[in-house]
Amino acid sequence: MLDHRKLGRELDIFHSDPLSGAGLPIWLPAGAAARHAVEEFLRSLEVRNGYQHVYSPPLGRAELFELSGHLGYFADDMFPPMKLSSDDELMLRPALCPHHCLVYLARGRSYRELPLRIAEIGGMYRSERSGVLGGLSRVRAIHLNDAHIFCSLADVGAEVASVLRLVDVAHAALGVRVSSVRLSLRGPGEKYVGSEESWAQAESLLRAALGSRSYVEAPGEAAFYGPKIDIQVRDVRGREWSLSTVQLDFDKPARFDLSYVDAGGARARPVMVHRSLVGSMERLFGYLIEEHGGAFPAWYAPLQLRVLPVSAASAGAAAAFAASAVEAGLRADVVAEGGSLGARVRDAAAAKVPYVAVIGDREAAAGAVALRVRGGRELPAMPMPDAIRLIDEAVAARSIDPVP
Ligand SMILES: [Zn+2]
């Protein structure tokens, strides 16, 4: 069975070290390069869809988490406070929402600014028991692709529909396969924050946003503060878990006393929508490593192109070709030594590099290159600039197939 811990080690994606601590993986250069490409993609997708990004600190005063309700409901999952003095305690945050509420409160808000979409790929910390930790799927340091949308209840339908569209775009680019969609609703006899009418309206807006997608309704599975949609994937062990989520919240806007001036000049309370397109970077990559067997689509492959000179005579041409690929923005290297050409081709295949360029004397003399595509396909020799253009186009299109 494919295990992301084993593959992650073989491909130099991440490292777990007892000195760092359980559930606190270190992203190695290959993993960091892939994650960086994915984060850039997510930020650009969000910016092009009206999100504004912020940076907020991964820890805050205990009072912040009292106000947010996390200390009341979530203390068991939080690390103990760091006491600085008798009246000053800092805590590692278990979620980004409290800081994003402070972003909202940083100045007065008018209805003209809504929907206000605040996004961040930010760190948060959960005090998971050491027995349940493993690889990237259960960690204590989590970097969540998070955003909070502050809007009127009337805007919720359009906002949720837009989030679901972005989830589809992100899944298609990353090569994520959805196993099921779940709409979590109120159940009988439980306590919920928010009025009966708000819940009824929110639930019908979520249903409408789901449109023709197939989904299951889960009565009683909603959080006490609002209904939600979870988009689930299945890992190689057959376990299902939520990757993407859209969650309504009637509670935090009241706790933080969030308001805006409406069109009539009166104070109104926004609704808050928590959403993540692809979950945390840790869980996402744990899933992607297994889903692709380590062979990531070229656009986020740690190394996109490996150049192999056949002999010392073509080493100069190989180095120049790799340099022009790097210049064009690709992640490329040259392996001139380390065994026969066949052995170096096998090493590149084991490293799951999507494109391998072989340059012999004939290619060097002609300024040409023969590309071997991951999976075994060999393309006819082509001029070097054409090879870079071919790779560049597949990367720019975020194609799953190396030769679209
Ligand atoms: Zn949140």
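What span should the 13 residues of helix 10 (residues 315-327) have, at 1.5 Å a residue? The expected span is 18 Å, and the end C-alpha atoms of helix 10 are 18 Å apart, which agrees. The expected value here is 1.5 Å times one less than the number of residues in the helix.

Before going further, a word on the model. It is predicted, so local features need pLDDT of at least 70 and side-chain atom pairs count only at pLDDT 80 or more, while totals for chains, interfaces and linings use all residues. Residues are numbered from 1 along each chain as its sequence is written.

**The overall picture**

The protein has 13 helices and 20 strands. These are DSSP runs numbered from the N terminus, with helices being H or I of at least four residues and strands being E of at least two. Along the principal axes, the C-alpha atoms fill a box of roughly 75 × 45 × 40 Å. Of the 404 residues, 41% count as buried. A residue is buried if 20 or more other C-beta atoms lie within 10 Å of its own, exposed if 12 or fewer, and partly exposed in between, with C-beta atoms placed from the backbone.

Among contacts with a separation of 6 or more, 70% are between residues 24 or more positions apart. Two residues are in contact if their C-beta atoms, placed from the backbone, lie within 7 Å.

**Two domains**

The domain assignment gives domain 1 (4-291) and domain 2 (298-396); such bounds come from an automatic or database assignment. Their centres, taken over C-alpha atoms, are separated by 40 Å. Where the domains meet, 6 residues of domain 1 are in contact with 7 residues of domain 2. The domain 1 side of this meeting has 6 nonpolar, no polar and no charged residues. In this classification, Ala, Val, Leu, Ile, Met, Phe, Trp, Tyr, Cys and Pro are nonpolar, Asp, Glu, Lys and Arg are charged, and the others, Gly among them, are polar.

**Helix 10 and the sheet of five strands**

Back to helix 10: its residues Ala-317, Ala-318, Phe-321, Ala-322 and Ala-325 are buried. Seen down the axis, the buried residues fall within an arc of 135 degrees, so they line one face of the helix. That arc is taken from the directions from the helix axis to the C-beta atoms. The cover over these buried residues includes strand 16 (305-309), strand 17, strand 18 (355-359), helix 12 (361-366), strand 19 and helix 13 (384-396). After helix 10 comes Gly-329, with a positive phi near 100 degrees.

Strands 16, 17, 18 and 19 also appear in an open sheet of 5 strands, with the order 17-16-18-19-20 and mixed pairing. Strand 17 (332-334) and strand 20 (382-383) stand at the edges with a single partner strand each, so one side of each has no neighbour in the sheet.

**Strand pairs**

Strand 8 (residues 141-151) has 9 of its 11 residues buried, so it is largely enclosed by the rest of the structure. The table shows three antiparallel pairs; strands pair if DSSP finds at least two bridges between them.

| Pair | Bridges | Residues facing each other |
|---|---|---|
| Strand 7 (residues 116-125) and strand 8 | 10 bridges | Met-124 and Ile-142 |
| Strand 8 and strand 15 (residues 271-276) | 5 bridges | Ile-149 and Val-273 |
| Strand 19 (residues 368-373) and strand 20 | 2 bridges | Ala-368 and Pro-383 |

**A few residues to visit**

Phe-65 sits in helix 3 (residues 62-68). With 24 C-beta neighbours inside 10 Å, Phe-65 counts as buried. Leaving aside neighbours within four places in sequence, Phe-65 is in contact with Gly-60, His-70, Leu-71, Met-91 and Pro-98.

Some backbone angles also deserve a look. Most residues other than glycine have a negative phi, and most peptide bonds are trans. Lys-352, in the loop between helix 11 (341-350) and strand 18, has a positive phi near 60 degrees. Arg-398, in the segment after helix 13, has a positive phi near 50 degrees. Arg-398 has 19 C-beta neighbours inside 10 Å and counts as partly exposed. Not counting residues up to four places away in sequence, Arg-398 touches Ala-173, Pro-297 and Trp-299. Finally, a cis peptide bond joins Leu-114 and Pro-115, with omega about -10 degrees. Pro-115 lies in the loop between helix 5 (97-105) and strand 7.
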